[in-house]
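Open the model in your viewer and keep the sequence panel beside it. Each stop below gives a selection and then says what is there.

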Amino acid sequence: MELDKMDENDWKYHGEGNKSLVVSHVQFSRVLRLLKYPAEDSENPPQTVEQAFRQIQNIVDFSSNVMSSLLGDKFIHSGEVVKLPLEFVRQLSIKVQHQRPAWRCDKVMDIYSGCALCLPNLTSPVLHQPTHTPPLCIEIKPKCGFLPSSKHVSKDIKTKVCRFCMHQHYKVANGKWKRPSLYCPLDLFSGNRQRMHFAIRHLIEEPQNNFKIFKGGQCIYSSKEVSDDSMDLNCLLHHLRPYFLYGNNRINSHMTSKAVLNDFITVLVNALLSGGDGEVVTDSRGEGRSFCEASLFNKERIRPGSQGLPSDSVLFRILQTQMLDTLDVEGLYPLYRRVEQHLQDFPKERTRLQMEGPYNEAFLEKLQKCPTEDDGSVEYAVAKVHQYRVAMTAKDCSIMVALVPGSEEEEDDEGIPTQRRLRDFLSSRPPALSYSVSILDLDPKPFDSIPSQLRLDQKIVSCYLRTGGALP
Ligand code: ATP
Ligand code: ZN
Ligand code: MG
Ligand code: MG
C-alpha cells in the first residue's frame, strides 16, 4: 500500500461502531479504521492532528503491550498508525456516506487529521490455497460474562441478573431497540455446550450489535433497521448450506434447515472452546453465581459433567480480563475520586501515573502489581482504576471466528483425496472446516468516562427494578 498514491476507488465501506468507521481494500486483505466524532463538531475537529495521531498510537500500544499480554498474543493484531492524504480521506468519506446506517449518523468520520489505523482484514483471511467456498467469518461482541461479587454492590439484583440482560431492558424501554435480545453472556461464557448453543441461537435471532456474519469479506448477516426475520434467516441458511452439506446430504441436499443451523452453531462453539491442549477449568465463579436469572435457559436441561472453559480458549482469556473489575463501578468510584483529587493537587503526577498512557510494560506492571488491600495510597487507587479500564475494554471487545473450508484437492492423512470423500460420504463426516480466532476492538477506555459509567449503571438498575424485570 503506497500511502502517497491512495485511491478511494480501491476502498469500500466495511462497517462501523460507536467510535470508528472501517473501510476495506477491494483487493488486499487490509482495512483502515478511522476515528469518528459527534456530528455537531463536524466543522470543528475536537482535536489537533498530533492529538489524533497520539490517540491512534495509544490504541496500538494498548492493544500490543497491555491487552495482548492479558488476552494472549495469538488472538491479537494491533496494526499500525498511518498518515493518509487529506484529499483521499475526504473523497472516501463522501463515497461511504450513503452506505452508513442512519442510526450511526449522529457521528461523522474524521476527515481532518488524515490519521488512521491500518489492520489486517479479519473477515477475508489470506489463504494458502484458494478454496471453492469463501471463508465465513463470524463476529461476536460477547459483553460481560460474570455477575459482580463485590461487597460494594448496593443493589442485590446486580448479583442475580447480569448487566447485559438488565441493559437490554433499559434499551428497549428507551426505544433504542424494538425487541429485546434473549442472548445472555453468562450462557456463552459458561463453557457448557448446551448453554453456549442456546446463547448463539439467540444472537442469530436478534443480532443487534452483538453478532455479524461475513462471507468472503462481505457482511451477509447483521441487525437491520427494517427487517423481515424469517426472510433474513432463510437467506442466511441459503448462505450456510454449502458449508455444512456432507455425506449423504451432499448428494441429495436434503439436509434440513434445522440441521444446517445446528451444525453451524456447533462449529462456532467448538472454535470458541478451542485453543490447543489447555486443561478445562471448572467454573471458579461457583455454582449458582454463574447463572443469570433473566436467561431463559432451563437449568434442568443441563447434563452433568460439562462445565467450565478450557484455560487457553478465547472466552476464558476474555472472561479473566473482564474479571479484573473486582470492585464493580460502585466500589471503584471512590478510588476514581481519590485519583482525581490527587491529580488536581499535583497535575504533574498525571504523567508519572500514566493516566493517558503511554501504554507500555510499566503500565501493565502497575495494574498487575496491585496490592490486595487498600492501603489508602494513590498508587492503590491508580492500579484499581487501570485494572477497571482494562476490564472495560475486555467487556467491549469482539471475537472474530474465521471458518475456512478445506480445499477439495487437499490431501488428508491417507494422502488420497478421493478416499477422503468416500470416507466422508460413508461416515457422514463434515468436510474439514478449519478455524482461526481473533479479538478486535481493544481501545483503551478514557479515565474520565468512569463517572458516566456509574450514572449509567444506576439508571439501568433502577429501570430494571422499577419495571420488575417485565418487558414493556
Ligand atoms: P464499538 O462501538 O463496538 O466500540 P468501534 O467503533 O470501536 O466499535 P470496531 O468494533 O473496531 O469499532 O470496528 C467496527 C466494525 O468494523 C467491527 O464491528 C467489525 O465488523 C469491523 N472491523 C473492525 N476491525 C476489523 C478488522 N481488522 N477486520 C475486519 N473487520 C473489522
Ligand atoms: Zn443475563
Ligand atoms: Mg466494536
Ligand atoms: Mg470499540
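**Ligand shell**

Select strand S1 (11–16), strand S2 (20–25), strand S3 (30–38) and strand S6 (115–120): each of them supplies at least two residues of the shell around ligand 1. S1 makes the largest contribution, with three residues. Remember as you look that this is a predicted model.

Now show everything around ligand 1. You should have 22 residues, and the nearest are Gly17, Asn18, Lys19, Leu122 and Asp441. Colour them by class: six are nonpolar, eight polar and eight charged. Then colour by domain. Domain 1 (3–120) and domain 2 (123–472) each put at least three residues into this shell.

**Asp441**

Stay with Asp441, one of the residues that come nearest to ligand 1. Find it in the loop between strand S13 (433–440) and helix H15 (450–466). Check its backbone: phi is near 65°, a positive value in a residue that is not glycine. Is Asp441 buried or partly exposed? Asp441 has 19 C-beta neighbours inside 10 Å, and burial needs 20 or more, so it counts as partly exposed.

**The whole chain**

Zoom out. The protein chain holds 15 helices and 13 strands. Of its 472 residues, 36% are buried. Look at contacts between residues at least 6 apart in sequence: 74% of them join residues at least 24 apart.

**Where the domains meet**

Select 3–120 as domain 1 and 123–472 as domain 2; the chain is divided into these two. Their contact takes 23 residues from domain 1 and 26 residues from domain 2. On the domain 1 side, pick helix H1 (residues 49–71). H1 gives the most there, with eleven residues. That side of domain 1 divides into eleven nonpolar, ten polar and two charged residues.

**The nonpolar core**

Next, select Cys162, Cys184, Cys292 and Val401. These have the most contacts inside the largest nonpolar core, a set of 107 residues. Add helix H13 (residues 378–396), which gives the most to this core, with nine residues. Where does this core lie relative to domain 1 (3–120) and domain 2 (123–472)? Both domains give residues to the core, so it lies between them. As background, nonpolar side chains tend to be buried together in soluble globular proteins.

Centre on Cys184. Leaving out residues up to four places away in sequence, Cys184 touches Cys162, Phe164, Cys165, Ala199, Cys292, Ala294 and Ser295. Two of those names, Cys162 and Cys292, were also in the previous selection.

**Strand S7**

Select residues 136–140. This is strand S7, and five of its five residues are buried. Turn the strand to see both faces. Leu136, Ile138 and Ile140 are buried on one side, and Cys137 and Glu139 are buried on the other.

Now bring in the strands that pair with S7. Strand S8 (residues 211–215) runs antiparallel to S7, joined by five bridges. Strand S12 (residues 398–405) also pairs with S7 in the antiparallel sense, over five bridges. Ile140 is a good residue to label. In S8 it stands opposite Phe211. In S12 the bridge partner of Ile140 is Ile399.

**Helix H10**

Go to helix H10 (residues 328–345), where you will find Tyr333. Tyr333 has 18 other C-beta atoms within 10 Å and is partly exposed. Not counting residues up to four places away in sequence, Tyr333 touches Ile450 and Leu454. Draw a distance from Tyr333 to Asp443, C-alpha to C-alpha: they are 21 Å apart in space and 110 residues apart in sequence.

Asp328 is found in H10 too. Its phi is positive, about 70°, although Asp328 is not a glycine. Which class does Asp328 fall into, buried or partly exposed? With 22 C-beta neighbours inside 10 Å, Asp328 reaches the cut-off of 20 or more and therefore counts as buried.

**Last stop: a cis peptide**

Select Gly357 and Pro358. The peptide bond joining them is cis, with omega about 0°. Pro358 lies in the loop between helix H11 (349–352) and helix H12 (361–368).

Note on methods: Residues numbered from 1 in each chain as written. Chains lettered and ligands numbered in written order. Predicted model: local features only at pLDDT ≥ 70, side-chain atom pairs only at ≥ 80, totals over all residues. Helix = DSSP H or I, 4+ residues; strand = E, 2+ residues; numbered from the N terminus. Buried ≥ 20, exposed ≤ 12 C-beta atoms within 10 Å, placed from the backbone. Contact = placed C-beta atoms within 7 Å. Near = placed C-beta within 6 Å. Nonpolar A, V, L, I, M, F, W, Y, C, P; charged D, E, K, R; others polar. Domains from an automatic or database assignment. Core = buried A, V, L, I, M, F, W, Y, C linked by C-beta atoms within 7 Å. Pairing = 2+ DSSP bridges.
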